[in-house]
Amino acid sequence: MARGGFPGIPGGNMQQLMRQAQKMQQQMMEMQQNLDAREYEGTAGGGAVSCRVSGKRELLELHIDRDAVDPEEVEMLQDMIVAAVNDALKKGEETREAEMAKLGGAAGMGGLF
């Protein structure tokens with residue numbers, strides 16, 4: 001093995017590889033903080049139920065239109081609440097995946113992260 005080199009690493013420059021890994025780690029941490037700070041809205045029942053969730057997947061706000069509150073239709077209201085929360089969480093997760101995929105591709109890791 002060449003001095004300071006590793007088989008399979010072009011040029012054997014381990015220091016450069018480590019710097020790139022540290023830079024990617026820093027970018028991932030920054031992106032994680034950015035994604036955690038975002039908020040997403042979900043709706044159901046034509047807007048009768050809406051909610052906001054954080055990028056940390058926490059329910060922040062829930063709004064129920066007065067017209068959606070019918071004592072005879074409690075199960076439907078419950079279903080709309082679940083659907084609205086799941087809608088918001090799905091939007092957050094899709095954004096998180098898309099942003100992380102960009103970082104993985106930009107860092108030359110072939111989508112590893």
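## A walk through the sheet and its cavity

Of the chain's 113 residues, 25% count as buried. Keep in mind while you click around that this is a predicted model.

**Stop 1: the whole chain.** Colour by secondary structure. You should find two helices and three strands, and reading from the N terminus the elements go α-β-β-β-α. Now think about contacts: among those in the chain with a separation of 6 or more, 47% are between residues 24 or more positions apart.

**Stop 2: the sheet.** Select 39–44, 49–54 and 59–64, which are β1, β2 and β3. Together the three strands make an open sheet, ordered β1-β2-β3, with antiparallel pairing. Which strands sit at the edges? Those are β1 and β3, each of which pairs on one side only. Look along the sheet and you can follow the twist, which averages 15° from one strand to the next. As a reminder of what holds such things together, strands of a sheet pair through backbone hydrogen bonds, either parallel or antiparallel.

**Stop 3: β1 against β2.** Hide β3 for a moment. β1 and β2 run antiparallel and are joined by six bridges. Pick out glutamate 41 and you'll see arginine 52 of β2 standing opposite. Then follow the chain round the turn: the two strands form a hairpin with four residues between them. Click on glycine 45 in that turn, where phi is positive, at about 65°.

**Stop 4: β2 against β3.** Bring β3 back and hide β1 instead. How many bridges does this antiparallel pair have? Between β2 and β3 there are five bridges. Two partners are handy to label:

- cysteine 51, whose bridge partner in β3 is leucine 62;
- valine 53, whose bridge partner in β3 is leucine 59.

This hairpin also has four residues between its strands, and here arginine 57 is the one to click, with a positive phi near 65°.

**Stop 5: β2 by itself.** Show β2 with its surroundings as a surface. The strand is mostly covered, with five of its six residues buried. Zoom in on serine 54, which belongs to β2. Is serine 54 buried or exposed? The cut-off for buried is under 20% relative accessible area, so serine 54, at 9% relative accessibility, counts as buried. To see its company, select Arg38, Glu39, Tyr40 and Leu60: these are what serine 54 contacts once neighbours within four places in sequence are left aside.

**Stop 6: the cavity.** Rolling a probe the size of a water molecule over the atoms shows where empty space is left. In this structure there is one cavity of 30 Å³ or more, and the largest cavity has a volume of about 60 Å³. To frame it, select Tyr40, Val53, Ser54, Gly55, Arg57, Ala88, Leu89, Gly92, Glu93 and Arg96, the residues that line it. You've already met some of them, including Val53, Ser54 and Arg57.

Which element gives the largest share of this lining? That is α2, with five residues. Select 74–106 to light up α2; both α2 and β2 supply at least two lining residues. Finally, colour the lining by class: you should get four nonpolar, three polar and three charged residues. Leave serine 54 labelled as you rotate the view, as a residue that lies in β2 and also lines the cavity.

Note on methods
Residues are numbered from 1 along each chain as its sequence is written. This is a predicted model: local features need pLDDT of at least 70, side-chain atom pairs count only at pLDDT 80 or more; totals for chains, interfaces and linings use all residues. Side-chain values use heavy atoms; hydrogens and water are left out. Two strands pair if DSSP finds at least two bridges between them. Axes are lines fitted to C-alpha atoms, for helices over the stretch in contact, and angles run from 0 to 180 degrees between N-to-C directions. On a 1 Å grid over the protein atoms alone, a cavity is a set of points where a 1.4 Å probe fits but cannot get out, and a pocket is an open set with protein on both sides within 12 Å along at least five of seven lines; lining residues have an atom within 4 Å of a point. Grid points are joined across faces, edges and corners, and a volume is the space filled by probe spheres set on the points. Ala, Val, Leu, Ile, Met, Phe, Trp, Tyr, Cys and Pro count as nonpolar, Asp, Glu, Lys and Arg as charged, and the others, Gly among them, as polar. Buried means under 20% relative accessible area, exposed over 50%, partly exposed in between (1.4 Å probe, protein chains only). Contact means heavy atoms within 4.5 Å.
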